Amino acid sequence: MPFLLFALLFLILPVLYLVNGAFQTPDGRYSLETMLSLSAPEIASSYLLSIQLSLASAAMGTVFGLVLGYTLLLGGLPGWVRRAFMTFSGVASNFAGVPLAFAFIATLGRLGLVTLVLRDIFGINIYAAGFTLFSFWGLALTYLYFQLPLMVLMITPALEGLRPEWREAAESLGASRKQYLTRVALPLLAPSVLGCFLLLFANAFGTLATIYALTSANFPVVPIVLFQQIRGNVLYNPNLGYALAVGMILIMGLTNTLYFILRRRAERWQK
Amino acid sequence: MTRRPPILSILIALIGAAFFLVPLIATFNFSLRMKRGELSFAAYRSVFESDTFLSVLSFSAVASLMAIVLGILIVVPTAYWVRLRLPRMRPVIEFLSLMPLIIPPVVLVFGYVRIYGTSSILPLTMTQMGTNILLVIGYVVLSIPYMYRAIDNGMASIDIATLTEAAESLGASRLRTIAVVIFPNVQSAIVSGAFLTFSISMGEFVITSLLNRPAFGPYLVQMGQDFAYQPSALAIMAFVFTWVCMVLMELFATRKPGQRLLPWFVRRTVQKGKL
Amino acid sequence: MSFLTLTNINKSFGANTVVRDLDLTVNTGEFVSVLGPSGCGKTTVLRMIAGFETPSSGSIRVDGTDVTALPASRRKIGMVFQAYALFPNMSVRENVAFGLKIVGMSRAQIDARVSEMLDLISLGHLADRYPYQMSGGQQQRVALARALAPRPNLLLLDEPLSALDAQIRTSLRDDIRRIQQELGITTIFVTHDQEEALSISDRVVVMHKGRADQIGSPAQIYNHPSTGFVANFVGKLNTFDAMASGTDSVAVAGQNIAGLRSTAMPPGTPITVALRPEALSLARRPGDDLSLPGRVLTSSFLGSVIRAQIEIAGQSVSVDMFNRSDAVLPVVGEQTEVWFARHDVLILREVSP
């Protein structure tokens, strides 16, 4: 079957090649040495930075996306508002990469519109206060531009699955709105929300182009380090590059596996 | 349901709208400021007048179209066979189709340059043509999760097995069945997947850049380093381009065979007729 | 003694009025069904009693207190929904305990009440199951236990049997009635199924286009329907176009039938008379004092009942007769006499459409 051959050649073999290389030393000996060298300070700090940035942007995306999604679907807003947000979310969640970086430079860069408006009209100089777009939180905020709409889109089915009868049943049993939210709605949404969080994490973890264009590759998250390694072998050890890649696959694989387990659980309830 | 004026809801929606719109407004505003003291489309004009822009755009467009064609050729028969003959293979195929979401593009292309590099059995990166082929393949891999899901959904909405049996009982060959019965019925799903593929590959940066192709993604980064106003103009154009692709994707994903291209016109008249 | 009183209730959604001028009093411990086709406003009535909808005008009193403006969560009602609406993230035990936790009962009290409730519905052995692990009938029993656990003032049942299989429907129906009588709880039951309503209720409210057409005991509703709609909706009915020929007589199929309940119409007015299929027979029974000639169109054997279609004066009429071992199946095409008793003739106020 052509698909299997294609997948073998361009998905499985490349991965196996990297995995194989990650468990060898540069002189071709099989060893855990290379994988263990991921704990070297500069590599480990790259992973830490990547994980922190992904966690921060995924957490913000999850919380704000849940609030926005809940408001749009169950907040009593007119239908056209919901439809407008949904269409926009479909576009914004795909608006990533280099153009997104440009947009945020024009917005929150040193000469960005919002920076200037805040400085000239409100007298708040965010750059003097220590903010820069090219910092951790600047990047997290930029990521939020595609994480938030992605969360809105992904959590919508779960929110739609909250049947109005459940709220009415809770009310008829004397529960207040808050009691319904904390005891019924949130526990019901929890697996979906956690699952979405994991996907947002994975999404941020693999992001390269946005950060590359924003910081000119000067922000050492794992994808950037790996990119530089492929470009110019900055690590002086090709096998360390393989280990870096395998580390990424492991983290992505773990998050996605957890996501599928959680989704199973959520689907069980949605019958 | 109580109809309390949802002040909190309105507030949240306004904040959300501001977060979404302010960067776009800022970018658009910035893109108009190329000429000092006036608002003009000079940045856009400058982008369009550049030969590089046109050449990278056409390179990316051709590569993306090739990726779409190759993707369709690989995914449609697979999805068809899995639904019809090999339902047991389904979990395997679905897992494979989702793998590109788990393996970051930078890892994937790392594997490519090592396996298909200069000293390998199949040295694709030795020639321009070979590298271009590898680029298209990379785009196909990136789009497979979306393409497969779009086409599989399209096939789920029609009863593939019965349609095939019906066509065969009327004397059609297998190839004819696919070409005349199956393909037209999942055409909308295919087109829908194609637009998503198009929007992904047009601006793709990681694979393109690491394969050193003269395409749109690396060009954008270069523009960002060399110019001030043109990048904003390009960002606005990219946003509009993404919007168009998404709208067309959505339109085709929900379109039924035989339905008109602009379903809302039809729907509205029907509703009016009912009332 | 009236426990629940609805006074002059109206409810509109925009320009659409779904409940009109409804008055209803329900006594303590009474089981009242609200019966009607979909869209008649019956569910809206129940939702207003529950507090999920506010009447456009009129008042609702429970046990002497006006609750019209009270939110659902403070009305002390127990509600059972058509689609069970069990909380899917909670086990059976937790579902039943939900309302008890809300009112802040102690753990020991909750445990005792939960097992008492589960015994009541005979599902004690499934206490740790989750809703998705149970059949529809079991889920609906749990929903009933959950609604009853906090000892509500009122039990509201919104088509609780509609989603279930025929067999489970009957057994759960009997359970509901048994439990309701054991606890003596005032109950409102909404259904579109006339057999359900007749079999379970102390009184039935038949609703039609937002109005209560008739309120009465099941026997009154069935035997003395006050409108053509009630007569048609509750049970099968053969209707005949007729003409009032006196204050207590009508002309039907070329015969003059006298000694009826008053038609209250001047002679010459077209009216509708009706006969239930089981009021008719092809053999004269004790008490039958009238007959019409006809011809057998079809006859079918349904086990306990023999059903025949008879053509009388150009009109097809259903006749249901109890099966007995000596019963003979009517022969298609045969001429026959259709017998009935004068007091079974129903006079319907309006002309049927």
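**Notebook: contacts, core and domains**

I looked up C:Ile188 and, leaving aside its neighbours within four places in sequence, found it in contact with C:Val26, C:Val32, C:Val34, C:Leu46, C:Ile49, C:Leu154 and C:Leu156; contact requires C-beta atoms, placed from the backbone, within 7 Å.

I noted that this is a predicted model, in which local features need pLDDT of at least 70, side-chain atom pairs count only at pLDDT 80 or more, and totals for chains, interfaces and linings use all residues. Residues are numbered from 1 along each chain as its sequence is written, while chains are lettered from A and ligands numbered from 1 in the order in which they are written.

I next looked up the largest nonpolar core (buried Ala, Val, Leu, Ile, Met, Phe, Trp, Tyr and Cys residues joined through C-beta atoms within 7 Å; buried means 20 or more other C-beta atoms within 10 Å of the residue's own). It has 260 residues, and B:Ile151, C:Leu156 and C:Ile188 have the most contacts inside it. Domain 1 (2-230) and domain 2 (236-348) of chain C each supply at least three residues to this core.

I recorded that these domain bounds come from an automatic or database domain assignment. The centres of the two domains of chain C, taken over C-alpha atoms, are 38 Å apart.

I then turned to the chain pairs. Of the two pairs that touch, chains A and B have the most contacts. No contact joins chain B and chain C, and their closest C-alpha atoms lie 6 Å apart. Where chain C touches chain A, I found 19 residues from chain C and 18 residues from chain A.

Notes. A residue is buried if 20 or more other C-beta atoms lie within 10 Å of its own, exposed if 12 or fewer, and partly exposed in between; C-beta atoms are placed from the backbone.
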